[in-house]
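Reader: I should like to go through this structure with you, with attention to its strands and its charged side chains. May I have the sequence and the structure first?

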Amino acid sequence: MYPLTCIDGYRIPLREEVYVLDIIPLTSGPATISSDQKLSVFNPTNLSAGPQVNLVTRHGNITCAKAYDVGNGVVCTAGEDGSVSMWDLRRDPRQAEVARLTGWHFAEIFMDVRSTPTPKLHYKEVHSDDVTELNFHPSDHNILLSGSTDGLVNICDTRITDEDEVVIQTFNHDASIHHASFLNDTEVFALSHDEKLALYDMAENHENGAATTDFGDMRSVLGCQYVANVSAKSNGAGAVIGAGAHEKEAFELVYLTKGQGWNLDRDNSVGLPGAHSSEIVRSFCFYDEAQMVFSAGEDGYIKAWRPNA
């Protein structure tokens with residue numbers, strides 16, 4: 001394992017316990033959402049100076065965020081009250097919320113942000129339980145992946161308005177989905193809340209929907225206590241698994257490499273010594289060109305890591 005060094009960090013200065021829930025990598029630097037209902041943006045070279053942008057969201061309890069335009073700093077957030085907001089982080093904070101949709105629960109909603117933010121498509125029966133993950137295909141933005149606590153990962157073609165026909169492929173992970181996304185144009189991963197990881201393939205020769213690679217319980221495979229997420233490399237050269245052991249105050253980035261099949265490369269894994277103390281690491285991201293890794297945790301910190309000079 002190759003250890004990185006923590007070179008900078010920032011902790012949310014509140015007396016009550018605050019979690020940093022997720023990191024959204026933008027071209028300008030990392031953005032975060034936190035349990036104090038804030039959307040924040042940081043200078044990647046000076047985290048300790050605090051957020052450059054610090055916005056209060058209106059979701060009751062914020063649960064997720066995605067970059068809509070990575071280069072121009074446009075981010076969408078959503079929460080437990082069923083609302084979705086779009087933020088232009090280049091604007092004055094008082095005008096940064098540029099669109100808002102409210103009043104929707106337990107469904108997949110699509111809105112056209114170029115006009116009045118009203119639903120363009122509405123799929124209510126795609127899953128039978130809470131939807132926990134949504135990700136568009138990396139090259140065909142008509143194709144949407146959804147994951148749910150019903151144990152299914154569905155691939156939908158959003159050009160199809162008939163809800164009975166919109167699902168073009170289903171993968172049954174047989175466990176509540178924590179995270180799921182595309183690894184490349186045809187392959188996807190699914191990670192359950194009980195840390196089971198499997199890979200699936202949309203290609204025509206895998207139409208039965210069975211897992212092409214089933215790693216099983218990653219706690220046994222990696223000797224960890226939890227998996228934060230799996231992040232595909234932007235150059236298509238595999239993915240990175242973020243696995244932690246809070247009792248050991250450890251977090252490891254394990255490479256998932258693609259050759260004849262998919263394999264775990266433990267020999268070239270990267271460690272974040274001390275991680276976020278005994279607290280769980282909620283999210284991580286990497287900026288390859290800057291050789292930096294950012295992590296966020298339930299200790300209220302966002303931290304920056306890089307190799308020793």
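The questions and answers below concern two sheets, one strand residue and several salt bridges.

Author: This is a predicted model, in which local features need pLDDT of at least 70 and side-chain atom pairs count only at pLDDT 80 or more, while totals for chains, interfaces and linings use all residues. Residues are numbered from 1 along each chain as its sequence is written, and side-chain values use heavy atoms, with hydrogens and water left out.

Reader: Which strands stand at the edges of the open sheet of 4 strands?

Author: Strands are DSSP runs of E with at least two residues, numbered from the N terminus, and two strands pair if DSSP finds at least two bridges between them. The order in this open sheet is β2-β27-β26-β25, with antiparallel pairing. Pairing on one side only marks the edge strands, β2 (5-11) and β25 (281-287).

Reader: Which residue in β27 stands opposite S295?

Author: Strand β26 covers residues 292-297 and strand β27 covers residues 301-306. The two pair in the antiparallel sense over 4 bridges. Opposite S295, in β27, stands K303.

Reader: Why is one side of β1 and of β21 left without a neighbour in the sheet?

Author: These strands belong to an open sheet of 5 strands with mixed pairing, ordered β1-β24-β23-β22-β21. Because β1 (2-3) and β21 (226-232) stand at the edges, one side of each has no neighbour in the sheet; each has a single partner strand.

Reader: What is the bridge partner of N229 in β22?

Author: β21 pairs with strand β22 (residues 239-245) in the antiparallel sense, over 6 bridges. In β22, the bridge partner of N229 is G242.

Reader: Is N135 buried or exposed?

Author: N135 is found in strand β13, residues 131-136. Relative accessible area decides the term: buried is under 20%, exposed is over 50%, and partly exposed lies in between (1.4 Å probe, protein chains only). At a relative accessible area of 15%, N135 is buried.

Reader: With which side chain does the side chain of N135 make a polar contact?

Author: Contact means heavy atoms within 4.5 Å. Leaving aside residues up to four places away in sequence, N135 touches K66, I143, L144, L145, A180, S181 and F182. A polar contact is a pair of N or O atoms within 3.5 Å; within protein, one must be able to donate a hydrogen and the other to accept it, and residues adjacent in sequence count only if both atoms are side-chain atoms. At 3.0 Å, the side chain of N135 makes such a contact with the side chain of K66.

Reader: How many salt bridges are there by the rule applied here?

Author: Side chains of opposite charge can pair when their charged atoms come close. The rule requires a side-chain nitrogen of Lys or Arg within 4 Å of a carboxyl oxygen of Asp or Glu. By this rule the count is 13.

Reader: In the salt bridge of R159 with D157, which residue counts as buried?

Author: The closest N and O atoms of R159 and D157 are 2.9 Å apart. R159 counts as exposed, at 52% relative accessibility. At 11% relative accessibility, the buried residue is D157.

Reader: What is the relative accessible area of R94, which meets D92 in a salt bridge?

Author: The side chains of D92 and R94 meet at 3.0 Å, N to O. D92 is partly exposed, with a relative accessible area of 31%. R94 is exposed, and its relative accessible area is 76%.

Reader: How far apart are the closest N and O atoms of K196 and D194?

Author: K196 counts as partly exposed at 39% relative accessibility, and D194 counts as partly exposed at 29%. In their salt bridge, the distance between the closest N and O atoms is 3.8 Å.
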